[in-house]
Amino acid sequence: MSDLLSPEEIEALMQAARGEGAGGASAGLFGPPGGAATPAGASPRQAQQPASRTTSAEQSLRQAEQQLAAALSEELPPRNMRGLPPGEAPAPFEFEEFGTPFPTRAAAPVFPLDALQDVELDIRIELGRTELLIDEVMQLREGAVVPLDKLAGDPVDILVNGKLLARGEVLVLNDNFCVRIAEILTQDG
């Protein structure tokens with residue numbers, strides 16, 4: 001036998017709870033105390049329960065019925081979309097203070113530049129660039145001339161760690177190539 005109630009049994013219990021039981025008598029859900037009447041669908045074992053347990057269950061059930069009836073009978077006050085009574089504006093959210101803010105840049109410790117003097121940088125001087133096909137590279141031999149994108153006398157690019165830092169002029173000093181810096185580029189330009 002299943003523990004679930006059929007819709008007819010539920011309806012009978014609801015009618016009994018409202019006092020509309022058989023004969024219109026207001027017998028409650030389980031009938032008069034003492035277990036004389038058995039509700040529809042109740043097993044004989046349920047009907048044989050002690051009166052104190054049945055009375056306790058009846059009291060709990062009646063209390064729940066009263067609370068449900070009171071909740072259903074009360075009209076709720078009208079509310080707007082945000083769940084507030086009409087005309088009431090929501091209060092602004094107040095953020096909690098977590099203490100002192102992060103230190104500013106001025107308050108940060110000063111890093112000594114002397115510590116960077118021994119750091120090595122890669123400096124390259126770029127005379128110019130060109131693009132060749134693989135076939136053209138394969139045909140290069142001693143004495144071949146590769147044209148670049150810059151003219152003779154144009155400033156060369158000075159790159160520090162791959163970043164363009166300055167431009168300069170190529171010179172020859174004591175049989176060595178040198179570069180005289182003509183322009184230091186800013187971060188903007």
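In what order do the four strands of the open sheet stand, and in what sense do they pair? The order is E1-E2-E3-E4, and the pairing is antiparallel. The model described here is a predicted one.

## Sheet layout

Strand E1 and strand E4 (176-184) stand at the edges of the sheet. Each has a single partner strand, so one side of E1 and one side of E4 are left without a neighbour in the sheet. From one strand to the next, the twist averages 40°.

The pairing can be followed strand by strand. Strand E1 (residues 123-126) and E2 are joined in the antiparallel sense over four bridges, and here arginine 124 stands opposite leucine 159 of E2. E2 and strand E3 (residues 163-173) also run antiparallel, with five bridges between them. Leucine 159 stands opposite leucine 164 in E3. E3 and E4 run antiparallel as well, joined by eight bridges, and arginine 167 stands opposite glutamate 183 in E4.

## Strand E2

Strand E2 spans residues 156-160 and is mostly covered, with five of its five residues buried. In a regular strand, side chains alternate between the two faces of the sheet. In E2, Val156, Ile158 and Val160 point one way, while Asp157 and Leu159 point the other way. Residues of both sets are buried.

One of the buried residues is charged: aspartate 157 has a relative accessible area of 12%, and it counts as buried because the cut-off is under 20%. The side chain of aspartate 157 meets that of arginine 167 in a salt bridge, with an N to O distance of 3.1 Å. This pair links distant parts of the chain, since aspartate 157 lies in strand E2 and arginine 167 in strand E3, ten residues apart. Arginine 167 counts as partly exposed, at 26% relative accessibility. Lys150 joins Asp157 and Arg167 in a network of salt bridges.

## Loops with positive phi

The hairpin of E2 and E3 has two residues between the strands. Asparagine 161 lies in this loop, and its phi is near 50°, a positive value in a residue other than glycine.

A second asparagine with positive phi is found in the loop between E3 and E4, where asparagine 174 is placed. The phi of asparagine 174 is near 55°. Asparagine 174 is exposed, with a relative accessible area of 69%.

## Other salt bridges

The count of salt bridges comes to six. Among them is the pair of glutamate 126 and arginine 129, whose side chains meet at 2.8 Å, N to O. Glutamate 126 lies in strand E1 and is buried, with a relative accessible area of 18%. The side chains of glutamate 126 and arginine 129 are also joined by a polar contact of 2.8 Å.

Another salt bridge is formed by glutamate 58 and arginine 62, where the closest N and O atoms are 3.7 Å apart. Both residues belong to helix H3 (residues 51-73). They are four residues apart and therefore separated by about one helical turn. What is the burial state of glutamate 58? At 4% relative accessibility, glutamate 58 counts as buried, whereas arginine 62 counts as partly exposed at 37%.

## Nonpolar surface

A nonpolar patch of about 810 Å² lies on the surface. The residues that make it are Leu127, Leu132, Val137, Leu140, Val146, Leu148, Val170, Val172 and Phe177. One of these, valine 172, lies in strand E3. Valine 172 is exposed, with a relative accessible area of 59%, and it is placed in that class because the cut-off for exposed is over 50%.

## Summary of the sheet region

The antiparallel sheet has E1 and E4 at its edges. E2 pairs with E1 over four bridges and with E3 over five, and the five residues of E2 are buried. Aspartate 157 of E2 is tied to arginine 167 of E3 by a salt bridge. Valine 172 of E3 belongs to the nonpolar surface patch.

Notes: Residues are numbered from 1 along each chain as its sequence is written. This is a predicted model: local features need pLDDT of at least 70, side-chain atom pairs count only at pLDDT 80 or more; totals for chains, interfaces and linings use all residues. Side-chain values use heavy atoms; hydrogens and water are left out. Buried means under 20% relative accessible area, exposed over 50%, partly exposed in between (1.4 Å probe, protein chains only). Two strands pair if DSSP finds at least two bridges between them. Axes are lines fitted to C-alpha atoms, for helices over the stretch in contact, and angles run from 0 to 180 degrees between N-to-C directions. Patches are made of residues with over 30% relative accessible area and no salt bridge: like charges are joined within 9 Å, nonpolar side chains (Val, Leu, Ile, Met, Phe, Trp, Tyr) within 5 Å. Accessible areas come from the Shrake-Rupley method with a 1.4 Å probe; for residues, only the protein chains shown count as cover. A salt bridge is a side-chain nitrogen of Lys or Arg within 4 Å of a carboxyl oxygen of Asp or Glu. A polar contact is a pair of N or O atoms within 3.5 Å; within protein, one must be able to donate a hydrogen and the other to accept it, and residues adjacent in sequence count only if both atoms are side-chain atoms.
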